[in-house]
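Here is a short report on one protein model. Keep the sequence and the 3D view open as you read.

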Amino acid sequence: MSIHLEKSAAAFAEAKQYIPGGVNSPVRSFRGVGGTPPFIASGSGSRLTDIDGNTYIDYVGSWGPMILGHAHPDVIQALQQAATRGTSYGAPTLLETELAKKITQIVPSMEMVRMVNSGTEATMSVLRLARAYTGRNKIIKFAGCYHGHHDSLLVKAGSGALTLGTPDSPGVPGNVAAGTITVPYNDAETLAEVFARQGEDIAAVIIEPVPGNMGLVLPKQGYLAQVRKITAAHGALLIFDEVMSGFRVAFGGAQSVYGIKPDLTCLGKVIGGGLPVGAYGGRREIMELISPAGPVYQAGTLSGNPLAMVAGITTLKILEDDPDLYTRMTVLTQRMCNGIRNEAEKYGFHLQFHHIGTMFCTFFSDQEVVDYETAKCSDVGAFNRYFHSMLEQGIYLAPSQFEAGFMSIAHTDADIEATIAASSIAFQKLARQA
Ligand code: KE4
C-alpha cells in the first residue's frame with residue numbers, strides 16, 4: 001500500500017500562508033521527520049482518515065487525549081446534548097464540581113483541583129503557586145522533560161522543542177531562564193548535590209514522573225522515591241506533571257504505579273476527552289492560596305467550560321466503570337512492542353522498546369536509554385525512515401523520535417497484527433538501505 005497526499009500537500013502550502021509553519025503546534029508539521037503531514041478529515045475508533053482518503057491506524061491519539069478512540073459515541077452524545085444548553089457561561093456549573101470531585105477520588109494526592117485550558121496553563125500556574133507557598137523562587141526541571149511552552153520551563157525542554165532543536169527557545173529572558181535549574185532525569189545524586197548547594201532557594205521540583213517528551217523513558221528503581229525524599233528534606237514542593245502520564249501509565253497515573261505522593265499534580269489531555277482542558281491540584285493547604293480563596297491570582301475565561309467538562313466526565317466514567325479496559329490496552333501495547341521487536345531483530349536491528357500501561361516508544365539505538373543524553377544518541381535518520389515506511393502502510397506513529405505512542409480502547413487485535421506486519425516490511429526496507 002502507498003499513500004497519496006496531493007490534497008494535503010496543497011492544504012499545507014495554503015496553511016503556511018496564514019499560520020506559522022502551517023500548523024498550530026510545531027510537532028504536527030512533520031518538520032522533524034520530513035515530508036507532508038496528512039491533513040485529517042475525520043477520526044473514528046482507532047482510525048484517522050485524511051483529506052486524500054487515506055486511512056491510518058492512529059497511535060498518536062491527539063498526543064494522548066483520545067484513550068477512548070476517536071468519536072466515541074457516548075462522548076459525542078454527551079457533547080451534543082450539552083451543546084443544546086449553550087457552550088459557555090462564564091459562571092459556575094455543577095459539571096466543574098463533578099469533574100473536580102471525580103479527579104480527587106481517582107488521584108487522592110489532589111485534595112483540591114483548579115481547571116484551566118491546557119497543560120501549559122496548569123504547569124505555569126502551579127509554579128506561581130509553589131513560589132508563593134514557599135517564598136522561594138528557583139525551580140528544578142529535568143533535561144528532556146516538557147511541561148508546555150511558558151518561559152520558566154522552556155529550558156532544555158523535550159517534545160517539539162527537542163525535535164526541532166530549540167530546547168532553549170529565543171525570547172525567554174535570561175533572568176527567567178536563570179531561575180530554572182536543569183538536572184538529568186534518573187540521577188538522584190546530581191539532584192541531591194544541587195539541593196545541598198541551593199536548597200534554601202528552591203521552591204519546587206517539577207518532573208514528568210514517566211517522561212514521554214524525550215521519547216518514553218522509565219524511572220530507575222527507587223528513583224522517584226529518592227526525588228520525593230530529597231524535596232521533602234529541603235522543604236521544596238514536588239510537582240508531578242502528569243499531563244501525559246495521568247490516566248495513561250495507569251488509571252491513577254504514575255503516582256499510583258510508583259506509590260509516590262507529590263505535593264502538587266498537573267493533569268490535561270485525557271481529562272478533557274479531546275476538548276481543551278488542563279488542571280492542577282494537590283494539598284488543600286497549598287491550593288487554598290489560589291484566588292479567590294487566597295492571594296495567588298490565576299484565572300481563565302473558558303476554564304471549566306461545560307463542553308470540556310462533559311467530555312472529560314464521560315471519558316473518566318467509561319474508564320472507571322470497566323477496569324479491564326486498562327488490562328486490555330496494556331496487553332495490546334506489550335504484544336505490539338514484542339512483535340515489532342521480533343521483526344526488528346529478524347533484520348539485525350537491536351533497538352530499545354519502552355512501554356508502560358498504554359504508552360510506548362521505540363528508540364533507534366542499541367544503547368540503553370535512561371535520560372535526555374542517551375535518548376539523543378538515537379539514530380534519528382533511521383527512525384525517520386521507519387516512520388515514513390509505517391505511514392505509507394497506513395500506520396500513524398508520532399512524527400518524532402522524541403515522542404511517545406498511545407494505545408486506546410478502540411485498538412483491536414487485528415490492528416496490532418497489521419502494525420507488526422507493517423513493521424516487518426519497514427525493517428526489511430531499512431536493512432536494504434543500510
Ligand atoms: P499543552 O499546553 O500542550 O496542553 O500541554 C503541555 C504539556 C505539559 N506537560 C506534559 C508532560 C506534556 O506532554 C505536555 C504536552 N505534550 C505535547 C506532546 N509531547 C503536546 C503536543 C503538542 O505540543 O502539540
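## Cysteines

Cysteine 361 has 4% relative accessibility, so this residue counts as buried. The model is a predicted one. Where is the closest cysteine sulfur to that of cysteine 361? It belongs to cysteine 337, 9.0 Å away, which is too far for a bond.

Cysteine 145 is also a buried residue, because its relative accessibility is 0%. Its sulfur lies 13 Å from the closest cysteine sulfur, the one in cysteine 266. That is too far for a bond, because a disulfide needs the two sulfur atoms within 2.5 Å. A disulfide is a covalent bond between the sulfur atoms of two cysteines. Searching the whole structure turns up zero disulfides.

## The largest core

In soluble globular proteins, nonpolar side chains tend to be buried together. The largest nonpolar core here has 73 residues. Which of them touch the most other members? They are Tyr59, Ile103, Phe247, Leu316, Leu319 and Tyr386. Helix 11 (residues 306-321) gives this core its largest share, nine residues. Domain 1 (6-71 + 323-433) and domain 2 (73-321) both contribute residues, so the core lies between them.

Take leucine 319 as an example. Set aside its neighbours within four places in sequence. Leucine 319 is then in contact with Ile67, Leu68, Phe251, Val270, Leu325 and Tyr326.

## A second core

There is also a second, separate core. This one has 41 residues. Among them are Ile181, Phe195, Ala375 and Phe402.

## Two sides of helix 2

Helix 2 covers residues 73-83. Which of its residues are buried? Val75, Ala78, Leu79 and Ala82 are. These residues span an arc of only 100° around the axis, so they sit on the same side of helix 2. Helix 11 is included in what covers them.

Now turn to the other side of helix 2. Pro73 and Gln80 are exposed there.

## A three-stranded sheet

Strands of a sheet pair through backbone hydrogen bonds, either parallel or antiparallel. One open sheet in this model has three strands, in the order 11-12-14. Its pairing is antiparallel. Which strands form the edges? Strand 11 (352-356) and strand 14 (405-406) do, each pairing on one side only.

Strand 12 (residues 359-363) pairs with strand 14 over two bridges, in the antiparallel sense. Look at phenylalanine 360: its bridge partner in strand 14 is glycine 405.

Definitions and conventions: Residues numbered from 1 in each chain as written. Predicted model: local features only at pLDDT ≥ 70, side-chain atom pairs only at ≥ 80, totals over all residues. Heavy atoms only, no water. Core = buried A, V, L, I, M, F, W, Y, C linked by side-chain atoms within 4.5 Å. Buried < 20%, exposed > 50% of the residue type's maximum accessible area, 1.4 Å probe, protein only. Helix = DSSP H or I, 4+ residues; strand = E, 2+ residues; numbered from the N terminus. Domains from an automatic or database assignment. Contact = heavy atoms within 4.5 Å. Arc of directions from axis to C-beta. Pairing = 2+ DSSP bridges.
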